[in-house]
Each structure stands twice: as structure tokens, then as C-alpha cells.
Amino acid sequence: MKSRRLVLVPAAALAFTACAAEETATPRTAPVTSATTTLAPETTVATTVPPETTTTAVDTTTTAPTTAPPTTQPEPPSGTPSADAAPIFAGSDLGAWLYIGRWTGSAWEGSFDEAGDAIVPEIASNGGVTISSAQATPADGESGPLAESCFDGRTGPVITPNAGAPDPPGFGYSAIATTAEWNLRPRQVADVDADIQAYVDAGVAAFASDDVETQAGEVDQIVVADLDGDGDTEALVVFGDESESEGDTVDPGFSGLLLIDTDTGEATTVAKSFIPLSFPEGETPVFDNYRVLDVADLNGDGLMEIVVHTWYYEGAGVDVYTYDGSSTTEVLSTGCGS
Ligand SMILES: [Ca+2]
Ligand SMILES: [Ca+2]
């Protein structure tokens, strides 16, 4: 079965269009991603699309990692978003930070307007920001003047301190920054290094109907947090074979982001992408790799969003998903690519 996420286009056709297209009504990543809602282990409701996106119950009762006991009892989520606006940026070790979009105070707004023009972010020079990533406790930073954040002419603020180099392959984004003044992290977030066969099994199941070599897949990242504040921990698991296309060769590969309820073991595919083992001669397919960039409450409602770093061939981006306790929804998506 072919994934709707598969992009079969000549490499040259990717030039620039990848960037500009992402924030339109049909973002590059949207068709691919999925939110499969599990009401019960035997009841699977695909809220958006792909029938191949499976929900699999795995036994994590004895092996699932959990966050360390919180030092203070977290407040239950208010469920009411903040009325304050909060622009979001993604940064690395290079210059200006890329504007991702913002919570306006009443809705999510991407980084391009309806006409397809880049929105110039609203942020004060010499203003305070919070810098956050899945690997680090949120910390204070400072915004500077706007500068070029992508070669297509978009601008974003220079923010100090720089976010540092991203994980391999070393391009893309490694942290976010926002002017939000509420608690970005109402509950603990932990990037854990663990070898959990049940998560491998869940990853294999997520790609079971796709033309990929699932046995080549590995668990690349596990981030655990109680996203919705219901007392049960979710595990965000990146599973795949991240061999990457280089030069004129195309190596099949795949990557998926799963959300696994560590209490019930139910796994939901948040996003997945792959190059099939068999693809038409002359085509230059690409696929997105995923990494959890951060888990943070970006609209002040007490529910933490999933911030995902994506990258492919010669481009990288950031997607933001909400999670309401049963399903995920992509609310922001942008990137910079060639
Ligand atoms: Ca939870
Ligand atoms: Ca939130």
C-alpha cells in the first residue's frame, strides 16, 4: 500500500517549492500525518485518513520507562488556552531563528498568510524569551534584531544563546523559543535512552502494510511525558531506518513518530514517511525523518504540545501537534528546504 506521504518528484522540482508550499492549505506534511484515535483496543477510528495507520496494543507494563517522581504535585490542566499571543521560533547554531507560527490568543496561526506571503514575526528586539527542547529544562534567552532565517527571504530574530547544533545529520533545528509567559512545562518531560522491545514491535506494526524493510527499523528516540495531564504517561517513540538519500542515489528508508500510552500500551501513529523498497525508475523520492524537538504547552491550556523536527534530503522543518488525550492534530507546520 502506498503512503499518501510519499513524494515522488524530481529533485529539481523540490527547489524552493518545498518551503513555500508548506504553509498553504495543503502543507507538505499534512497528508502524510495521521491521527488514529483509539477508543478501545478493539475500536479504531481513523479521524483523518490512512487505513494503513494502525493502532496496536503492546505490552509495556513491565518495561515502559516512566518519568521520575515529580518534586511537586503538578496542577491539572486548565483546558482553557491563554488569551495572550505567543510566537514560536526554532533555532540551531546558525544565526536567526525560523518563525514557526504562533498562538494568537484564540487560534493557531502559521508562518504564512492566506496569500502565501511570509508573516513577519512579532517580537521585540532585546525582549525576553524562553528557550526549550526535549533535552533541556526551559531557560531564559533574549531576542535580538530580525535577520534572514531561510534562504527564501524569511526573517526571524537572532536569539541568544544559540540553540546549538541539531542531532545528526546536523542540520535543521534543535530548540524552540517563545515569548509565552505561562509555564511551558507543567509536567516533567524526559528524553530517555532505553531498549524496549515492545516499542520496536509497535514500530514494526505501524509500517506492516508498507513496502519497507521493517526489520531494519530501530527506536531512535523515546520522550516520555504526561501530555494531557490525566496522570498516565505517554511515550513518544521515533522508529525507523534513517538512511538518507545522498547525491544521485536514493536509499529506501522510513521514519515514524508513535504515541504510546504507557499504561495501556496502545500505539497511535502521529506521523510517518518512507521511501518504498520499489519505486519507479527515474523518480527521486524523499521521505521525512522525525525527531521530537520539544514537548511544551504552547497555548497555555495546560496540555503539552508535541514539537517535531523533520528533515529530508536538503530541507528541514518543524511541525506542532496538539494532543487532547485521545488523538493528535497538526496545528503548525513550516520549514526551510531546497
Ligand atoms: Ca496522559
Ligand atoms: Ca497546550
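Select the calcium ion (ligand 2) and its donor residues, which are spaced D-x1-N-x1-D-x1-L-x1-E in sequence. Donors here are N, O and S atoms within 2.8 Å of the metal (3.2 Å for Na, K and Ca); water is not among the atoms, so sites may look incomplete. The model is predicted: local features need pLDDT of at least 70, side-chain atom pairs count only at pLDDT 80 or more, and totals for chains, interfaces and linings use all residues. Side-chain values use heavy atoms, with hydrogens and water left out, residues are numbered from 1 along each chain as its sequence is written, and chains are lettered from A and ligands numbered from 1 in the order in which they are written.

**The calcium ion (ligand 2)**

Display Asp297 (OD), Asn299 (OD1), Asp301 (OD), Leu303 (O) and Glu305, the latter listed twice through OE; these protein donors lie 2.2 to 2.6 Å from the ion. The angles among the six donor atoms run from 53 to 172 degrees, and the site is irregular. Irregular is whatever fails the other classes: four donors are tetrahedral if all angles lie between 85 and 135 degrees, while four are square planar and six octahedral if opposite donors are over 155 degrees apart and all others between 65 and 115. Asn299 is buried at a relative accessible area of 4%, and Asp301 is buried at 7%. Buried means under 20% relative accessible area, exposed over 50%, and partly exposed in between (1.4 Å probe, protein chains only).

**The calcium ion (ligand 1)**

Move next to the calcium ion (ligand 1), whose donors follow the spacing D-x1-D-x1-D-x1-D-x1-E along the chain. Its protein donors are Asp226 (OD), Asp228 (OD), Asp230 (OD), Asp232 (O) and Glu234, again listed twice through OE, at 2.2 to 2.7 Å. This arrangement is irregular because its six donor atoms subtend angles of 52 to 177 degrees. Asp230 is partly exposed at 44% relative accessibility, whereas Glu234 is buried at 1%.

**The nonpolar cores**

Select Ile100, Tyr173, Leu298, Val307 and Val318, the residues with the most contacts inside the largest nonpolar core, which has 22 residues. Such a core is a set of buried Ala, Val, Leu, Ile, Met, Phe, Trp, Tyr and Cys residues joined through side-chain atoms within 4.5 Å. Strands supplying at least two residues each to this core include S4 (86-91), S5 (98-103) and S17 (305-312); strands (E, at least two residues) and helices (H or I, at least four) are DSSP runs numbered from the N terminus. The core lies between domain 1 (11-67 + 186-330) and domain 2 (86-178), because both give residues to it; the bounds come from an automatic or database domain assignment. A second, separate core of 19 residues includes Ala225, Leu259, Ala271 and Met304.

**Val212 and Lys272**

Go to Val212, in the loop between helix H2 (197-206) and strand S12 (218-225). Val212 is buried at 11%, and its contacts (heavy atoms within 4.5 Å) include Phe254, Phe274 and Leu277.

Then select Lys272 in strand S15 (residues 266-275), which is buried at 2%. Its side chain reaches the backbone oxygen of Ala206 at 2.9 Å, and a polar contact of 2.6 Å joins the side chains of Lys272 and Asp210. A polar contact is a pair of N or O atoms within 3.5 Å; within protein, one must be able to donate a hydrogen and the other to accept it, and residues adjacent in sequence count only if both atoms are side-chain atoms.

**Backbone details**

Finish at the cis peptide bond between Thr160 and Pro161, with omega about -5 degrees.

Methods:
Lists of a residue's contacts leave out its neighbours within four places in sequence.
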